[in-house]
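Please prepare a briefing on the structure shown below, with the main points grouped by topic.

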Amino acid sequence: MILSCSNISKSFADNCVISGGSFHIEEGQKAAIVGINGAGKSTLLKIIIGDILPDEGIVSISKDADIGYLAQHQAYHLNVSIYDYVLSKKQHVIDIENKIKEIEAKMPHMDENEALSKMPEYNLLLEKFNENGGYSYKGEVIGTLKGLGFKEEEFNRGINELSGGELTRVSLAALLISSPKLLILDEPTNHLDIDSVTWLENYIKSYKGAVLIVSHDRYFLNKIVSKVIELSNGKISQYDGSYDDYSKKSAKKRLTLLKAYLNQQEEIKRQEQVIDKLKSFNREKSVKRAQSRQKALDKMDIIKEPEAQTTPMKLSLNIDYESGKDVLRINNLSKSYNGNYLFKDISFEIKRNQRVAIIGSNGTGKTTLLRIINNLTNPDSGSVDLGAKVNIGYYDQQQHVLDDNKTIFEEIQDAYPNLTNTQIRNTLAAFLFFSEDVFKKISELSGGEKGRVALAKLTLSGANFLILDEPTNHLDIPSKEVLEDALKNYPGTVLFVSHDRYFINEIATSILHLNKTSITKYLGNYDYYLEKKRDIESNNNIEIIHENKTQGKIKWQKDKANLADARKRQAKINKIEKQITSLEDEINNLNDKLNLPQNSTNSAKLNEISALLEYKNKELESLMNEWESIFEN
C-alpha cells in the first residue's frame, strides 16, 4: 500500500467539507476522486500532500514513496526555457553523465594503474546511467513535450512568457519526467486537446507508479482507473472498477438505500397504526399486544434517510420555430493569420436536427470557424450560407457574450426585457443562482458560474441552431449529464467544439475532423470516428508494407486478401452512408410536403405522402441497422 487515508475530516468555519472517510491506494494503482464542484476534491488532495492539515484522521504514505503533485493553477516565473526546465528534472541522470564524461576525458592522460583504479567507479556510473534511462532521457523529454502539445520550435520559449494553460502543460511534463512513485493530478486534461489527452491517457496506463486523479473527463477516467473514490455530502466512499462501473454501482447503492429507508418508514408507520388501534380497544390483552409491538419497534435499527445529492442545474432547450432542412453550407472557406493558414478551402454542410462535433488539434482553427459562422470574424475567402429560418444561439467558451459590468440579473433582463422579475429569478434558480446571488457582477463570477449564466441565456433564446464552443468547460459531471440530456432532447440542430470525448460520444451524430488542408466528415459518434480512423490507417499501413519488400513479416497473399476485404467493407459502408443521406433528404422533403397549405385539405394526397413517408422511414431504419451490423462484425 502506498497511500492510506483514515477517518479524514475537515471543516472551514461552519462549513464541513469532509466529515470522516477512509480509502487506500495500492502501489501502481490508478484511482480517481470524483464529486461535484465544491465537494472538497482539491481540499482532499491538499490534505494528502500536507498543504492542509485535517481536523481529524491520519494520512499515511509509504516511507520510500516520493509524491508529484499537479495543481489546477500554476503561478511561478523562471528565467529558463521550456526544454531546460523539463530537462532539469533529469538532473540526477545529467550529473551521472557529466561524471562519466569527466572520467573519459581524463583517461587518455592516466597511467595504466591509475586507469585501472578508476574502472570500478566508471563501470558503476555506466550501470547507474543505464538503470536511470541515461541513453534515452533527452528523447523522453522531447517526446513528453510533443505529446503534451508543444512543437519543437516552442521548446526555447521562456517559462515567464507562458500563459496559465501552457504553464500547466509544462508542469505536467516536468512531473511525468520526474516519475514519482505517487503521482497526484488535479484536472490534468484541462488545456489539452484531444490528441494530447489521448497521449496522456496511454502514458498513464503504462506508468509504473501509482496515480491519483481528480478529473471531470469521464472518457479519460474510464480508460485509466481501476478505483473510484467518491466525495458526496462530505462522505468518502470507494468503488473498484472503471468510472462507468462506479457510476452504475453508486446509483444502485443509492437506490437500494433509499428503498430500504422508505420500506422501513412504511413498516414503522404500519406498526404505529396497529399499536394505536390495539390501544383503542382498551382491553388488557390488546394493550399487552400493543406494548409488545412497541418494544419491538423501539429495538429496531433505524435506517437513516439517505442524504440528497446536491441538486444539479435544470436545463431544457426549446425552439421558437423550425428551420429549413438546409441549416448551414460552408464553401471553400479559408482563414490565415500573418500568412499562416489555420484552414484552407474547407467545405461542408449541416442539415436540420443533426448534432455535429468539430474536432482537431489545437491551432487548427475550430473556435475561429465558429466565430466566422457567427459573423464575429471575417474569413480570408469562401462563403458561409445559413438556411431558411435559421436562428442561431451561440455559447462562447470565453464568455464574450456576457457583459462584465452587469449583474447576473441585469444580463438576463437586458437580453429578454419582456420577462418578469419572477420569471428571471425562476430561470436563474434553475441554474443554481438563488437569493442575493443574482445581483453578483459578471466580473466577480468563476468560470463555471459564467458558463451557467451563458447556458441560462441560451435556454431563453428559442434558437433552432445551437453553436457551442467547449460547453462542458468548468462544469462538474452531474451538470455535464444534465446538459447531455437537454441536447439529446433538443428539437433543433447543434454544431459544437469540445475536447470532452465522453460528451462527444453521447451527443454527436457525426464528426467533422478539421486540419489545415481538409475537413473530413464521419457519420456517427466519437467511438465510431476512432474505429473508422483506425481502419483507414490500417489500410494505409498494409499498402506501405506491400511497397516495402524488405519488411516481410506478413505474407503477401494474406495481406492482399485482408486489404481486399477491408476495401470491400469500406466501399459498402460508404455506399450505405450515401443512401442514408439521400433517404434523409427524401424524408425531409416529404415532411415539407405534408405541411404545404395546398395539401392540408387534400386527404388523398395526404394519405399518399404519409404512406410513402412510412415506407421511407422503414427503409431508413433498415439501412441504419445494416450500417450498425457491419461495425459490430
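Helix α14 (residues 447-461) has 15 residues and should span 21 Å at 1.5 Å a residue, the expected span being 1.5 Å times one less than the number of residues; the end C-alpha atoms of α14 are 21 Å apart, which agrees. Helices (H or I, at least four residues) and strands (E, at least two) are DSSP runs, numbered from the N terminus. The model is predicted: local features need pLDDT of at least 70, side-chain atom pairs count only at pLDDT 80 or more, and totals for chains, interfaces and linings use all residues. Residues are numbered from 1 along each chain as its sequence is written, and side-chain values use heavy atoms, with hydrogens and water left out.

**Helices α14 and α11**

- In α14, 13 of the 15 residues are buried, so that the helix is mostly covered (buried means under 20% relative accessible area, exposed over 50%, partly exposed in between, with a 1.4 Å probe and protein chains only).
- Glycine 462, just after α14, takes a positive phi of about 70°.
- Helix α11 (residues 366-373) is also mostly covered, with 6 of its 8 residues buried.
- The buried residues of α11 are Lys366, Thr368, Leu369, Leu370, Ile372 and Ile373.
- Asparagine 375 follows α11 and has a positive phi, near 60°.

**Surroundings of tyrosine 394**

- Tyrosine 394 belongs to strand β15 (residues 392-395) and counts as buried at 13% relative accessibility.
- Leaving aside residues up to four places away in sequence, tyrosine 394 touches Leu370, Arg371, Asn374, Leu376, Val401, Leu458 and Ile467, where contact means heavy atoms within 4.5 Å.
- Phenylalanine 496 is 102 residues from tyrosine 394 along the chain, and their C-alpha atoms are separated by 9.7 Å.

**Aromatic rings**

- There are 11 aromatic pairs in the structure; rings of Phe, Tyr and Trp (its six-membered ring) pair if their centres lie within 6.5 Å, and planes under 30 degrees apart count as stacked, over 60 as edge-to-face and the rest as tilted.
- The ring centres of tyrosine 219 and tyrosine 526 are 5.7 Å apart and the planes stand at 90°, so this pair is edge-to-face.
- This pair links distant parts of the chain, 307 residues apart: tyrosine 219 is in helix α8 (residues 218-224) and tyrosine 526 in helix α17 (residues 526-547).
- Both tyrosine 219 and tyrosine 526 are buried.
- One aromatic cluster is formed by Tyr219, Tyr522, Tyr526 and Tyr529.

**Charges over rings**

- The charged end of arginine 169 sits over the ring of phenylalanine 150, 4.2 Å from its centre; the criterion is NZ of Lys or CZ of Arg within 6 Å of the ring centre and within 35 degrees of the ring normal.
- Arginine 452 lies over the face of phenylalanine 433, with 4.6 Å to the ring centre.

**Cysteines**

- The structure holds 0 disulfides, a disulfide being a pair of cysteine sulfur atoms within 2.5 Å.
- For cysteine 5, the closest cysteine sulfur is that of cysteine 16, at 16 Å, too far for a bond.
- Cysteine 5 is buried, with a relative accessible area of 1%, whereas cysteine 16 is partly exposed, at 42%.

**Overall architecture**

- The protein has 19 helices and 19 strands.
- Its C-alpha trace spans about 110 × 85 × 60 Å along the principal axes.
- Of its 633 residues, 44% count as buried.
- Among contacts with a separation of 6 or more, 69% come from residues 24 or more positions apart.
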